[in-house]
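Thanks for coming. I will talk through one structure today, and I will keep to what can be computed from its atoms.

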Amino acid sequence: MLHVRGGLFWGLCVLLGACRAAPQSGAGTGSPPLLQSQSGRRLHGRFLHVSDVHPDPFYKTYSSTEAESACHRKRGPAGVYGAETSGCDSPISLVNETFKWINENLKDDIDFVIWTGDSARHDNDELIPRTQKQIIEQNEFLVAKFTEVFGKDDNINDTDPTNDFTIPIVPTFGNNDIMPHNIFLSGPNKWTLKYLDVWRKFIPEEQRHQFQRGGWFFTEVIPRKLAVISLNTLYFFDSNSGVDGCADKHEPGYEHMEWLRIQLQTLRDRGMKVILMGHVPPARTDSKLSWDETCWQKFTLNQRQYRDIIVGSLFGHMNIDHFMLQDFKDLKKDTKNGRMASAAKVKSTDLRENMLKDGEVTVASASDYLLDLRDAWAKLPSPQKSVSKSLSIFEYIDANDENGNFSVWEWFVQKISSSKKGGDGGKESKKVDKKKFLDKIGGKYGERFGVSHVSPSVVPNYFPTLRVFEYNITGLEDLIIPANDNPSRNLPPESLLSPYSFSNDEDWECYVYRIINNQKTKKEQDTIKKPKKYKFKIPTPPSKSAPPGPAYSPQSLTLLSYTQYFANLTYINNDFTAPGENLLLLDDHDDDVDLAKWKEGKHRKHQGKKPRPNPHPETFKFEVEYDTKTDKLFKLKDLTVRSYVDLARRIGNDQEGKKLVEMPEQEVEDEDDGGDDSGCESDDSDFEVEKKKRKHKKQKDGKKHKHKKDGAWFTFVKRAFVGTMDPRDIEELFCERSVEFIEQGVGQKVLEL
């Protein structure tokens with residue numbers, strides 16, 4: 001009987017997470033003597049994320065932004081530093097000024113760079129088709145720009161190319177860094193071999209074989225402390241028809257996931273922490289996805305099983321500024337048991353569609369996707385109805401709980417007493433309510449979820465951007481990383497690396513499409529075959545005694561905040577501005593929002609003429625769009641999962657209209673006199689009139705009815721498009737459907753959780 005009680009107690013401990021405590025800041029982060037040196041670099045606790053530069057050497061100032069011109073010819077509004085909000089790529093002038101700004105403002109204050117791919121122009125001009133040589137040259141151009149900023153002048157031409165930089169730079173493949181775009185075949189292939197040379201300064205020697213194998217590798221950006229794993233997400237990409245998911249052991253996606261599992265386990269055994277990075281993010285909603293489902297399942301399983309060492313996941317590609325939650329409850333039973341049907345079989349039964357058009361994001365697909373995110377986040381668990389809506393998850397969890405933990409015994413006794421007395425509705429009952437809520441989010445630290453950050457781009461599909469993360473270096477402040485602490489030595493000459501030809505584009509594309517046709521036949525056969533489950537090794541979960549990882553509990557290496565920078569090209573190009581004009585709204589609004597794949601941009605009405613005889617740009621600079629540390633709108637305490645779950649919940653519940661659906665019909669009509677109750681408001685004068693009209697009106701509960709144009713949802717959408725979208729367009733694309741969403745009662749359902 002004693003054993004039974006003991007088993008019950010420990011079972012409750014495991015279920016409640018009550019036997020786990022967060023580590024003290026800096027715990028276990030003492031620096032080993034071998035890292036101490038008289039010379040080297042100190043940590044600043046900041047790193048730079050650069051994504052989707054897309055340099056275009058054919059770009060011409062004052063050319064047309066129409067699809068058939070692509071900023072390459074005719075006359076039009078294309079500015080000297082780029083055609084903001086259009087489909088055109090980055091002029092070389094923008095790339096040069098961006099790296100000049102990094103050199104003058106960031107170079108000496110960051111510890112490493114994460115570079116998430118797409119460093120060649122799009123294939124968007126039939127008269128100037130992309131070539132393999134161009135793709136390589138444009139990537140080499142970006143390497144040269146990084147070298148200008150972060151290269152060491154004293155040994156730039158020594159025999160060890162990976163010792164040429166002052167800080168680590170970690171690249172990855174984008175879907176436009178290869179040809180045909182999106183299609184990355186099983187390795188080793190010509191691209192892995194060629195980029196092994198192009199990125200020879202960035203890939204550690206012991207990782208070179210793995211990179212050649214499939215384009216994946218990792219770098220210890222803080223030796224023996226923090227590694228950045230560069231994932232080749234093109235093997236997971238649902239638009240890559242040259243491969244077939246991550247289930248079949250003969251597929252490169254399977255091999256990649258197996259490699260990832262082994263690296264994560266090895267790094268855990270070494271006591272290290274990990275940042276995951278890649279180009280295409282693991283976007284997934286109830287109706288759409290960007291990764292093959294089998295790859296998403298395995299990636300999310302790794303996120304869950306190695307949550308004790310993963311610091312965060314960073315991606316690019318989508319150009320829109322946002323984040324996504326991976327819900328571990330979406331892991332299938334077979335996945336958790338180490339079995340998986342073929343990618344083709346899964347796809348034939350999964351109703352989700354590829355959210356991308358030819359691998360790219362359109363305004364239409366982006367708007368649908370963001371609305372889908374909001375719909376999903378509206379269903380996230382919320383505190384009980386009695387809890388103030390203004391209370392954050394942090395405040396709710398930590399309220400009246402000095403230690404931040406729950407007594408298993410108190411909970412157990414309360415369960416029994418509640419069943420006998422029917423509950424007293426007092427403090428003990430509130431503890432039980434809180435316990436139920438914590439069970440739904442995976443405990444105090446929200447361990448039901450993982451988070452992926454998606455940075456917007458340098459290419460001015462909106463405004464050019466850069467992102468700088470701040471991370472916790474408690475216990476590492478005095479660490480000095482020796483200048484010669486680099487694991488790579490004696491690299492082979494270029495002639496041994498890439499025997500493939502990059503000159504005959506037509507032959508190469510014919511070869512690729514033959515492979516694709518073979519893959520298509522195989523997928524069709526797999527679909528009609530008797531279902532087969534492929535087995536794989538289940539990643540090892542954290543030890544029961546392991547504290548929550550840096551993505552969940554603040555500690556050394558936890559991501560604390562980020563600063564989002566942008567370059568206001570409307571102002572900088574200085575082609576369509578006058579004193580006092582609203583730069584963000586200028587020429588931006590039209591009766592019909594352009595949802596086509598190609599965007600002519602906010603100045604599309606000026607096609608066929610030069611804005612000025614000659615450009616007169618203002619001084620180029622990036623400025624702060626927002627900083628999560630001081631931001632009063634998102635209110636992110638830090639970048640832990642719990643912070644993002646709280647933000648997602650607020651975005652999903654930012655619907656003032658859900659109060660209206662609970663009112664009598666007459667009151668709804670009275671309150672909704674021309675207004676919008678979906679948490680979205682514009683700067684229109686009509687809105688101001690309505691605001692004044694309703695100023696002193698109150699609802700049944702005695703509270704004033706408010707419309708917050710700076711609410712979580714409106715802010716999320718505005719920032720997703722880097723402040724370039726007219727508020728009226730935000731209403732048109734994001735609020736009308738929200739009202740329908742409210743009327744369906746989803747808002748009410750959330751309140752019941």
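I will start with the whole chain, then go through the disulfides, one helix pair, and some backbone details.

First, a caution: this is a predicted model. The protein chain has 753 residues, and buried residues make up 59% of them. There are 22 helices and 20 strands in the chain. If you take contacts with a separation of 6 or more, 81% of them are between residues 24 or more positions apart. The accessible surface comes to about 32,000 Å². Carbon and sulfur atoms account for 49% of that surface.

Now the disulfides. How many does the count come to? With the cut-off of 2.5 Å between cysteine sulfur atoms, the count comes to two.

One of them is between cysteine 71 and cysteine 88, with the sulfur atoms 2.0 Å apart. The torsion about the S-S bond is about 85 degrees, so this disulfide is right-handed. Where do the two cysteines sit? Cysteine 71 and cysteine 88 both lie in the loop between strand S3, residues 55–56, and strand S4, residues 90–91. The pair therefore ties together parts that are 17 residues apart in sequence. As for exposure, cysteine 71 has 0% relative accessibility and so counts as buried. Cysteine 88 is also at 0% and counts as buried.

Cysteine 71 comes up again for its backbone. Its phi is near 65 degrees, which is a positive value in a residue other than glycine. For context, most residues other than glycine have a negative phi.

The other disulfide joins cysteine 246 to cysteine 295, with an S to S distance of 2.0 Å. The angle about the S-S bond is 95 degrees, and the link is right-handed. Cysteine 246 is in the loop between strand S8, residues 226–230, and helix H6, while cysteine 295 is in helix H7, so the pair ties together parts 49 residues apart in sequence. Are these two cysteines buried or exposed? Both cysteine 246 and cysteine 295 are buried.

For comparison, here is another cysteine, at position 510. Cysteine 510 has a relative accessible area of 40%, so it is partly exposed.

That second disulfide leads to the helix pair, as cysteine 295 is among the H7 residues that meet H6. H6 covers residues 252–269 and H7 covers residues 293–305. Their axes come within 10 Å and cross at roughly 5 degrees. Because angles under 35 degrees count as roughly parallel, H6 is roughly parallel to H7. Which residues meet? On the H6 side they are Tyr254, Met257, Leu260, Arg261, Leu264 and Arg268. On the H7 side they are Cys295, Lys298, Phe299, Asn302 and Gln305. The residues of this contact divide into six nonpolar, two polar and three charged.

Next, the backbone. Most peptide bonds are trans. Here I have two cis peptide bonds to show. A cis bond joins methionine 179 and proline 180, with omega about -5 degrees. A cis bond also joins glycine 187 and proline 188, and omega there is about -5 degrees. Where are the prolines? Proline 180 is found in the loop between strand S6, residues 169–171, and helix H4, residues 190–198. Proline 188 is placed in the loop between S6 and H4 as well.

Besides cysteine 71, leucine 557 has a positive phi, of about 80 degrees, although it is not a glycine. Leucine 557 lies in the loop between strand S18, residues 533–535, and strand S19, residues 559–566. With a relative accessible area of 6%, leucine 557 is buried.

The last item is asparagine 653. Its place is in the loop between helix H16, residues 641–652, and helix H17, residues 657–660. Is asparagine 653 buried or exposed? Its relative accessible area is 15%; the cut-off for buried is under 20%, so asparagine 653 is buried. The C-alpha atoms of asparagine 653 and tryptophan 713 are separated by 8.5 Å, and the two residues are 60 residues apart along the chain.

To close, a short recap. The model is predicted, the count of disulfides comes to two, and cysteine 295 takes part both in a disulfide and in the contact of H6 with H7. That is the end of my part.

Conventions:
Residues are numbered from 1 along each chain as its sequence is written. This is a predicted model: local features need pLDDT of at least 70, side-chain atom pairs count only at pLDDT 80 or more; totals for chains, interfaces and linings use all residues. Side-chain values use heavy atoms; hydrogens and water are left out. Axes are lines fitted to C-alpha atoms, for helices over the stretch in contact, and angles run from 0 to 180 degrees between N-to-C directions. Helices (H or I, at least four residues) and strands (E, at least two) are DSSP runs, numbered from the N terminus. Angles under 35 degrees count as roughly parallel, over 145 as roughly antiparallel, 65 to 115 as roughly perpendicular and the rest as oblique. Contact means heavy atoms within 4.5 Å. Ala, Val, Leu, Ile, Met, Phe, Trp, Tyr, Cys and Pro count as nonpolar, Asp, Glu, Lys and Arg as charged, and the others, Gly among them, as polar. Buried means under 20% relative accessible area, exposed over 50%, partly exposed in between (1.4 Å probe, protein chains only). Accessible areas come from the Shrake-Rupley method with a 1.4 Å probe; for residues, only the protein chains shown count as cover.
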